[in-house]
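Thanks for coming. I will go through one chain today, starting inside and working outwards. Please have the sequence and the model open.

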Amino acid sequence: MEKWEAAYIAGIIDGEGSITLTRMHEGEHRRPCITVASTDKELLIYLQSLTGGTINNKKNYKPDRHKDSFTLTIKKKENVMFILKHISPYLRVDKKRKRSLWILEHYEKVTLRNGKYSPELLKAKLSFEELFFQI
């Protein structure tokens with residue numbers, strides 16, 4: 001990823017995106033996720049070409065008053081970590097920059113590949129999530 005692309009993506013995320021932890025399935029631990037919402041599907045298609053992810057249509061209940069809107073969601077861990085690594089220096093919204101850096105610094109340390117946590121590791125994982133949402 002070029003520096004200018006990383007800076008551009010950071011600007012879009014600062015303005016229209018979110019960096020969060022989400023559950024894919026009930027009872028599962030949270031994992032990093034990046035989303036960008038927009039009424040400009042062309043923009044999201046371009047971002048998707050750089051970052052991966054999927055674009056979903058949002059239901060428009062009042063088409064006479066509102067434009068159709070779409071959401072790009074990036075859930076694949078490798079993609080999310082790659083993106084955060086490259087865009088973090090360019091994020092200007094303090095909360096999003098701190099969340100990005102928190103994930104980069106701590107997520108791998110508290111996440112086991114097989115998902116089988118000892119009581120100590122589970123406590124660390126839940127503490128990571130709790131502290132993340134306090135940012």
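I begin with the lining of the largest cavity: Ile9, Ile13, Ile34, Val36, Leu47, Thr51, Leu72, Ile74 and Ile83. Four elements each give two or more residues to that lining, namely helix H1 (3-16), strand E2 (31-38), helix H2 (41-51) and strand E4 (69-74). By class, the lining of the largest cavity has eight nonpolar residues, one polar and no charged. The volume of the largest cavity is about 40 Å³. How many cavities of 30 Å³ or more are there? The count is one.

I should say now that this is a predicted model.

Next, the overall layout. The chain has five helices and four strands. In sequence order the pattern reads α-β-β-α-β-β-α-α-α. The C-alpha trace spans about 55 × 35 × 25 Å along the principal axes of the chain.

Now the helix pairs, beginning with H1 and H3. Their axes come within 9 Å and cross at roughly 100°. H1 and H3 are therefore roughly perpendicular to each other. On the H1 side, the contact residues are Ala6, Ile9, Ala10 and Ile13. On the H3 side, they are Ile83, His86 and Ile87. Sorted by class, this contact of H1 with H3 holds six nonpolar residues, one polar and no charged. Ile9, Ile13 and Ile83 take part in this contact, and the lining of the largest cavity includes these residues too.

The second pair is H3, residues 77-87, and H4, residues 94-110. They pack at an angle of about 130°, and their axes are 9 Å apart. That angle makes H3 oblique to H4. The crossing of H3 past H4 is left-handed. From H3, the residues in contact are Lys77, Met81, Leu84 and Lys85. Those residues meet Ser100, Ile103, Leu104, Tyr107 and Glu108 in H4. What does the contact of H3 with H4 look like by class? There are five nonpolar, one polar and three charged residues.

The third pair is H4 with H5, where H5 covers residues 119-134. The axes of H4 and H5 come within 10 Å and cross at roughly 175°. H4 and H5 are therefore roughly antiparallel to each other. H4 brings Arg99, Trp102, Ile103, His106, Tyr107 and Val110 to this contact. H5 brings Ala124, Lys125, Phe128, Leu131, Phe132 and Phe133. By class, the contact of H4 with H5 has nine nonpolar residues, one polar and two charged. Ile103 and Tyr107 in H4 appear in this contact, and both also meet H3.

Last, the largest pocket. About 320 Å³ of space lies in it. Its lining is made of 14 residues, and the closest to the pocket centre are Arg31, Tyr107, Thr111, Leu112 and Arg113. Is the lining of the largest pocket mostly nonpolar, or mostly polar and charged? By class, it has three nonpolar, four polar and seven charged residues. For the lining of the largest cavity, the division was eight nonpolar, one polar and no charged.

To close, one residue to look at again on the screen is Tyr107. Tyr107 meets residues in H3, is part of the contact of H4 with H5, and is among the residues closest to the centre of the largest pocket. That is the end of my part.

How values were computed:
Residues numbered from 1 in each chain as written. Predicted model: local features only at pLDDT ≥ 70, side-chain atom pairs only at ≥ 80, totals over all residues. Heavy atoms only, no water. Axes fitted to C-alpha atoms, helices over the stretch in contact; angles between N-to-C directions. Parallel < 35°, antiparallel > 145°, perpendicular 65-115°, else oblique. Left-handed = near helix turned anticlockwise from the far one by under 90°. Contact = heavy atoms within 4.5 Å. Nonpolar A, V, L, I, M, F, W, Y, C, P; charged D, E, K, R; others polar. 1 Å grid on protein atoms, 1.4 Å probe; cavity = no way out; pocket = protein on both sides within 12 Å on 5 of 7 lines; lining within 4 Å. Points joined across faces, edges and corners; volume = space filled by probe spheres on them.
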